[in-house]
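Thanks for coming. I will take a few minutes to walk through one model, beginning at the DNA and ending with how the two protein chains are arranged.

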There are 2 protein chains.
Amino acid sequence: MAATIRDVAQAAGVSIKTVSNVMNDYPHIRPDTKRRVLDAVELLHYSPNQSARSLRSGKTGVLGLAVPELSLSYFAELADAVIQAAEARGLKVLIEQTGGDRDRELELLASPRLQLTDGLLFSPLGMANEDAENLSVGFPLVLLGERIFGGPTDHVTMRNVEAARAATDHLLSKGRRRIAVVGAHEGEVIGSAGLRLQGYRDALEAAGVPYNPALIAHTTLWHRANGATAMRELLATGVDFDAVFGLNDTLALGAMRVLQESGRRIPRDVAVIGFDDLDEAQYSLPTLSTIDPGRTEIAETAVAVLAERIADRRSGLAPREIQAQFRVVERESTAS
Amino acid sequence: MAATIRDVAQAAGVSIKTVSNVMNDYPHIRPDTKRRVLDAVELLHYSPNQSARSLRSGKTGVLGLAVPELSLSYFAELADAVIQAAEARGLKVLIEQTGGDRDRELELLASPRLQLTDGLLFSPLGMANEDAENLSVGFPLVLLGERIFGGPTDHVTMRNVEAARAATDHLLSKGRRRIAVVGAHEGEVIGSAGLRLQGYRDALEAAGVPYNPALIAHTTLWHRANGATAMRELLATGVDFDAVFGLNDTLALGAMRVLQESGRRIPRDVAVIGFDDLDEAQYSLPTLSTIDPGRTEIAETAVAVLAERIADRRSGLAPREIQAQFRVVERESTAS
DNA sequence: TCCGCAGTCTATAACGTTGTAGGAAGAACG
DNA sequence: CGTTCTTCCTACAACGTTATAGACTGCGGA
C-alpha cells in the first residue's frame, strides 16, 4: 500500500541507500540527486516506516512516562511539561498510569512492554527506598519524585525540605505561630509528606516555636476530599491554630473549603499555604499562596538527562541527583 | 546484548519459528516442547523485540491521543480514561498536545510521526467543519469533541444540546427564570459553546421564557480566569439574574468565585450549574452542580471503535457518530 | 603519467520477528 | 497395507530500513 524506500529509489533512479541518505540529511549528495529524490518522495507520498527504522537503528524516538494518575492535577501538569520538553527534542511520550500502586509499579519495571520506548521517566508513589534495587533495569531510567533516594539511577527532584521550610517561614513571617499541617503520613521519613513535614519542623525550630503534634493532620492519599476530611477532624479536636500548611495544593484547597464552611475567614482568622502551584491555585477563593516547585525545570531536566543516558548508554557515569529551584508564591490566602 | 529469538531457539534445541509459536500461544505445540522453550526464555531473560514485531506484523499496539493540553482538567481526565480503556485491550497510548491551535492540528494530521501508532484519537479545538476533509488521512482515526460534524471518520461525542437543555431545565425547575450564560462564543453554531447555547435556548423556549442576549457572557478560551472575567463584566452591566449556566465547570468555578466576592450567596441569590463533572466540582465551595457528559463511556467507546477500525482496515463501513449518555449531577450550587 | 584523495553513489548484508510452505511421524480409515 | 488426515515442527523468505564496504568519477600533486 504505502510507498517504500525501494519505490522512491526506483522512481528517482538511484539506489535505496541514496534515498536513505537524503532522508537522513547525509552531507555528500549532489543537489541535483537530492532534488530528484525529494521529488519522488513528494510524488509517492513516501514516509519512512518507523518500525523498520527502529528495528535497524535500535531507537524508537519515544520516551515512557509513568505516573500514578493523570486525574491528579500535579501529574497532569507534569505530563504536559514533559511532553513539551520531549517535543523540543523531537521525541514522543507514551504515558503509563500505575495508580500509585507498588505492585503495579514493580510490574511495570519488569514489563517487556517497555520495549516500545528508549527510556523511562518514572514517578513512583507506592515503592519506597527498600525497592531501590528494582530500579536497576537494563535500560535508561530517570527517577522522579521523592519516594526513593540514593537509588541506582539518575534522580530529578524538588527541594522539598527547603521549600517546605520556606512555606512555613512565610507563615511565620506573617506573625502566625500555631501552624497546622494537613496531609502528613504517619511515620514517613522520606516521600513528599515526610520531607515537607521535616521542612516545617526545621522552620519552627529555627524560629524557636515549639512543635505541637496535635496540629498535624494525617491523610492517606492527597486528594481534595482527604484535605477536607483531615481539616474537619482537626477542627473537631478543638485545637487552636492560626495558619495551615497544606502539604500540597489540593489538600490546601480541600482544607480551605472546610475552614470557610466553619465560618473562619481566610487569611484573617487562618492563613493558608499550599505546595505545587497548580493552575487552580490562582483561581480559588481566596487565591492560594503556594510553593512553585519548579515543575517545568524538573520536566526539562529529566528529559535532558534521560536523552543523555539514551545517547550514551554504556557510560559508567555515576547516578546523579538533581534538584530544581523552588519559589514561594504569595497570594490572597496569606495576605497580611 | 539482549537475547533474540535465535538464542532461545538454540538453547531449547528447536527452530526459531517454534519459539515464535510458543510466544504467540499457537495451539499445536507439545507440552514438553513448550516447556523447554519457556525454560530457555526464562534462562536468557528473553523478551521479543517490539520493533521487529511491528515491522513484521504491521501493528505497533500503540494508539495516539491528540488533545489541546493536559493542563486543562477535562482533557487530563479524558486521557486518564482513554489510557485505562486502552490498557484493558493491551494497548498503549502516546499523547500529543496541539495547544488547540488549528495549524498544529492540521500539521499533526499530515505528520509522518503518526507511523508510531496504529490509529489516532483526535480531539481538535482549532479546526472547524470546513477542515473536515483533512481528516481523510490514510489510517484509522476517531474524532472526539464537537468541532466537526459529518466528517469522513467515526465520531464519538456527547449530547451537548440535550445535556445543556437538561442543565437549563434543572435551573428552571428550581424556579429560576433569569439565567445567565458564561462562556458563549460569538456567532458559533457548532463547537461545544454553540451547541450548549442552543440547548439553553431550546429549554427556555420550551418553558416559554424569553431569550435575553444581555444575559449571555462571552469568553475566548474556557479557562478559569475567563469565567471570572466574564462574570465581572456581566455584573458591571447591571443586568439582573438569578442563575448562571457555566458552559463548562472551570468557567462556572471562576464565575462562582466572582459572584461570592460580590457578596451574592450561592445558591440562594444565584444558582450555578456547570458542565463536565470534573473531580474538582465535588470539592468547591459550594459544591458545583454539573452535567456528567459520560466521559468514561466516551473514552471506552472511542477506543473500542478505533480498535475495530484497526482490526478491519479495509472495511467500507460508513462513518458512525456515537453519542454518550449524560446525567445531571445536582450538588449544593443549585440546592433548593 | 600515475597516484592518492575527496566526493558521490551502489550492492548487499544485516536488524529480529512472523508468514508460508511443506516435511516427518503417527493415527485413522477403507 | 496403502492412503489420508492430524499434529508437530522446520527452513526460508519476507517486512523496510540503515550500515558496511567498496566502486567509480574527476582533480591536484608528484
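Start with α4(B), which gives 4 residues to the surface near DNA strand C, the largest share. Keep in mind throughout that this is a predicted model.

How many residues surround DNA strand C? There are 25, and the closest are A:Thr18, A:Thr33, B:Ile5, B:Ser20 and B:Arg56. Of the strand's atoms that come within 4 Å of the protein, 61% belong to sugar and phosphate. Sorted by character, the residues of this surface are 9 nonpolar, 9 polar and 7 charged.

Now some individual polar contacts. In A:Thr18, a polar side-chain atom sits 2.5 Å from a phosphate oxygen of DNA strand C. For A:Ser15 the partner is again a phosphate oxygen of the strand, but here a polar backbone atom is involved, at 2.8 Å. B:Lys17 reaches a base: an N or O atom of its side chain is 3.1 Å from a base nitrogen of DNA strand C. Which elements give two or more residues to this surface? From chain A they are α2 (16-23) and α4 (50-57), and from chain B they are α1 (5-12), α2 (16-23) and α4 (50-57).

Next, the layout of a chain. The domain assignment splits chain A into domain 1 (5-48), domain 2 (62-157 + 295-325) and domain 3 (160-292). Domain 2 is thus written as two segments, 62-157 and 295-325. Taken over C-alpha atoms, the centres of domain 1 and domain 2 of chain A are 38 Å apart.

On to the contact between the chains. Chain B contributes 46 residues and chain A contributes 45. About 4,200 Å² is buried between them, and carbon and sulfur atoms give 56% of that area. Three residues, B:Lys92, B:Arg257 and B:Tyr283, supply 16% of what chain B buries against chain A, more than any other three. Of the interface residues of chain B, 98% are also interface residues in chain A, so the copies meet through the same surface.

Last, the symmetry. Two copies of a chain are related by a rotation about an axis and a shift along it. Here, a turn of 180° and a shift of 0.1 Å along the axis lay chain B on chain A with an RMSD of 0.1 Å. That is the relation of a two-fold axis. Which residue of chain B comes closest to the rotation axis? It is B:Leu94, with its C-alpha at 2.1 Å.

Terms used:
Residues are numbered from 1 along each chain as its sequence is written. Chains are lettered from A and ligands numbered from 1 in the order in which they are written. This is a predicted model: local features need pLDDT of at least 70, side-chain atom pairs count only at pLDDT 80 or more; totals for chains, interfaces and linings use all residues. Side-chain values use heavy atoms; hydrogens and water are left out. Copies are superposed by least squares on the C-alpha atoms of residues with pLDDT of at least 70 in both. Contact means heavy atoms within 4.5 Å. Domain bounds come from an automatic or database domain assignment. A residue is near a molecule or strand if one of its heavy atoms lies within 4 Å of it. A polar contact is a pair of N or O atoms within 3.5 Å; within protein, one must be able to donate a hydrogen and the other to accept it, and residues adjacent in sequence count only if both atoms are side-chain atoms. Ala, Val, Leu, Ile, Met, Phe, Trp, Tyr, Cys and Pro count as nonpolar, Asp, Glu, Lys and Arg as charged, and the others, Gly among them, as polar. Buried area is the accessible area (1.4 Å probe) that two parts lose on being put together, summed over both.
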